[in-house]
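The following exercises concern the reading of a protein model from its coordinates. Each task is followed by a solution in steps.

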Amino acid sequence: MTDNVHPTAISVEDEEIKLVADIKASAADNVVQTVLKTDERVIARVTDGIYRQPGSALRELISNAYDADATRVVIKTDAPRFERISVEDDGHGMEPEALAHVLLHIGGSAKRNDIGESIGVTAFGDPTKSPGGRKLIGKIGIGLFSVSQLTHTFQIITKVKGDDHRTVATIALRQYADDDASIGSGGAKNFESGKVNIWRERAADTDMHGTTIVLTSIRPQARDTLRSREIWNAIEHNESQSEGEERQVIEPPRFHIGRVDRTGETLQTTSDGETSALPWDKGDAPAVAFKKLVESVWKESTLGSPNTKLDVIFDYYLRMVWQLSLAVPLPYVDGHLFDMDIAGWAEAFQLSNLPKGQAQKLDAAGKPLRESIDLKDPAEHVGDFEVLFDDLKLARPIKFQGLPTTGNALKKQLIFVGKCHEEFKKFPRELSGGPLGFEAYLFWTPKVAPVEHQGALIRIHGSSGTLFDSMFMRYQVSEQTRLRQITCEIFVNEGLDSALNIDRESFNNAHPHSVYITKWLHGALRQLASTQKRLAGEIRAAVRSENRDAAVSSIQDVAAKVWRDESDDVGSMPPAIELSHTGQKSLDSADAYVFSHAAIIPLRAGANTTKTKAQGAILEERLKAIAQVLASFGLLDAVPPRKQEKLLKAIYEILDASGE
């Protein structure tokens, strides 16, 4: 019998050595040609796009820059046309050896193994860290090729400090097919994923270093997504309809970068000739512009419907910016929660790690919260990293202080902090995944904005691809109202990365680390609910005692009882319903629904006597109570904002017609 080995096959190692030598001898007029190769069939599918959104590709490129010890990443997107995208960093850059390894080992990352040290991508003696000492984010070796979500052709320009040449590679990715495999050494299959041209060219500044990725020929589907074509197409189609039944009220996103037609020409979208609607001014510094972006979300939450959703107020581009800001290792827009003095605006509690433990109040006033239980996050080096995205300097868009007041009985935010380290000593390392260590906070506030921040977000060494999980890792207890009032972040400093799926946007739920964190989080939620109920009950009892002689409207009592029953929160009150004559809120309440009085309540004919005024006031109170009951069951939010006033008007007319 003969071995199943291709007679002309050479080892990948020999091929890599030859490629390095060819690159070093190359020039602009002596281009090296090679192919991208993968070691496993499943990794080859990266060129089919395992990532879900175009923004995921940019996230991976930013993560690669972080792992290369970059201090600055500059992204230019050519918005709103998106014909060309560049990502430039000041990291170490890639030696020819590192570039050759990347091209011939997609999915066989040099990170997290001994090869990384020899080609300059990991620290000496520690394959889990970058040369500069950062905990590595990437490990799978496909991050660079996530750009297949955006384009099939791109260019890499890279240079290391002290080299008088830069290396340039142009790459054309190809789609995977089952018959693309060739037989490598030992009978292993190799898969060709694309063609590469590489050359070296002289650089004027030998001290410069870093890598630039240039994406051209953006895929039509990705470009349409970046341009928010779906919503603009719907608006344009609606605008082309004649007045009548077929024409609907379709509003553009509150904030957007503008729209382009099929030819790529920008279309005017406002009456004053502006082509975009942005929450910052053209002359704003990048950090100021980003802060205004964050403030715009909270400001929006105080106007009209209190449930602010990013997909309603932002186009895809601004949502992508927001999600990138959450995903990569960056400081918070207004500072880390652990660094804040909570005196006067919040109460803090330490979470127990015991199965039936209870949260204990922390005496944290007058000092940073982290000092109370020795919290370590943020991850080391996060403050040494910045990302400039077009006109914005990104930061984590989560606010903790200065939030709008609400009608909730509890006027202070509640902060629950905890930390845990588990060795899994009863299990072999190959089954447990090794030790697991993390810190966490659960931030309770009556109102979370945007609604996409309701949930739990897991960071590994400062990075996340999962964003907020509104289900809190499959929490089954029915406390939907309270869960909508919680933002949670879990900062993993050891372990869990082996539980990440290949796209880094989801976890293997069966992995021991995932199972452990899930159980811990559910215990933390139970402790939070117990504490919040107790505090709200105490406040409400005090309020009842102070107001026992005050007359309370029976109508309001009904609505309040329904809200408390449905929310399972004895301390909460239903959102206010305001019928405004001016369109502005009259109460300092962020969770109020604001409607036009004229659109719902018709002008009455005849004399406006004291009796009719009283009857009208009662009708309005009943209408508000019904609206609050609808909100209690989530039915008011189920109706589009433009139709909510029509619904309330119909209810009012029924109440008025009944003669009550």
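Helices (H or I, at least four residues) and strands (E, at least two) are DSSP runs, numbered from the N terminus. The model is predicted: local features need pLDDT of at least 70, side-chain atom pairs count only at pLDDT 80 or more, and totals for chains, interfaces and linings use all residues. Residues are numbered from 1 along each chain as its sequence is written, and side-chain values use heavy atoms, with hydrogens and water left out.

**Exercise 1. Confidence and overall composition**

Task: State what average pLDDT the chain has, and describe the stretches of residues 1-8 and residues 40-45.

Solution. Step 1: pLDDT is the predictor's confidence in each residue, from 0 to 100. The chain has an average pLDDT of 84, and 84% of the residues reach at least 70. Step 2: Residues 1-8 have a pLDDT below 50, and the model gives this stretch six contacts beyond near neighbours in sequence; a contact means heavy atoms within 4.5 Å. Step 3: Residues 40-45 also stay under 50, with 17 contacts beyond four places in sequence. Step 4: The secondary structure comprises 18 helices and 20 strands. Of the contacts with a separation of 6 or more, 73% are between residues 24 or more positions apart. Step 5: Among the 660 residues, 49% count as buried, where buried means under 20% relative accessible area, exposed over 50%, and partly exposed in between (1.4 Å probe, protein chains only).

**Exercise 2. The six-stranded sheet**

Task: Determine which strands stand at the edges of the open sheet.

Solution. Step 1: Two strands pair if DSSP finds at least two bridges between them. Step 2: The order of the six strands is β12-β11-β15-β16-β18-β17, with mixed pairing. Step 3: β12 and β17 (455-460) each have a single partner strand, so one side of each lacks a neighbour in the sheet, and these two are the edges. Step 4: Within the sheet, β11 (residues 346-350) and β15 (residues 413-422) are joined in the parallel sense by five bridges. A346 is placed opposite Q413 of β15.

**Exercise 3. A parallel pair and its side chains**

Task: Assign the residues of β19 (residues 577-580) to the directions in which they point.

Solution. Step 1: In a regular strand the side chains alternate between the two faces of the sheet. Step 2: In β19, I577 and L579 point one way, whereas E578 and S580 point the other way; all are buried. Step 3: β19 runs parallel to β20 (residues 593-596), to which four bridges join it. The bridge partner of S580 in β20 is S596.

**Exercise 4. Geometry and faces of a helix**

Task: Compare the expected and modelled spans of α18 (residues 641-657), and explain why its buried residues line one face.

Solution. Step 1: The expected span is 1.5 Å times one less than the number of residues. For the 17 residues of α18 this gives 24 Å, and the end C-alpha atoms lie 25 Å apart, which agrees. Step 2: The buried residues of α18 include Q644, L648, I651, Y652 and L655. Viewed down the axis of α18, the buried residues fall within an arc of 100°, so they line one face; the arc is that of the directions from the helix axis to the C-beta atoms. Step 3: An α-helix has 3.6 residues a turn, so residues three or four places apart point the same way. Step 4: Exposed R642, K646, I654 and A657 are carried on the face of α18 turned away from the buried side.

**Exercise 5. The surroundings of A364**

Task: Decide whether A364 is buried or exposed, and list its contacts.

Solution. Step 1: A364 belongs to the loop between β12 (360-361) and α11 (370-373). Step 2: Its relative accessibility is 1%, so A364 counts as buried. Step 3: Beyond neighbours within four places in sequence, A364 contacts D341, I342, L369 and S372. Step 4: A343 is 21 residues from A364 along the chain, and their C-alpha atoms are separated by 7.6 Å.

**Exercise 6. Backbone exceptions**

Task: Locate P80, P378, M473 and L496, and describe the backbone there.

Solution. Step 1: Most residues other than glycine have a negative phi, and most peptide bonds are trans. Step 2: A79 and P80 are joined by a cis peptide bond with omega about 5°; P80 is in the loop between β2 (72-76) and β3 (84-89). Step 3: D377 and P378 are likewise joined by a cis peptide bond, with omega about 20°, and P378 sits in the loop between α11 and β13 (386-389). Step 4: M473, not a glycine, has a positive phi of about 55°. M473 lies in the loop between β17 and α13 (480-483) and is buried at a relative accessible area of 11%. Step 5: L496, also not a glycine, has a positive phi of about 75°. L496 is in the loop between β18 (486-494) and α14 (512-546), and counts as buried at 2% relative accessibility.
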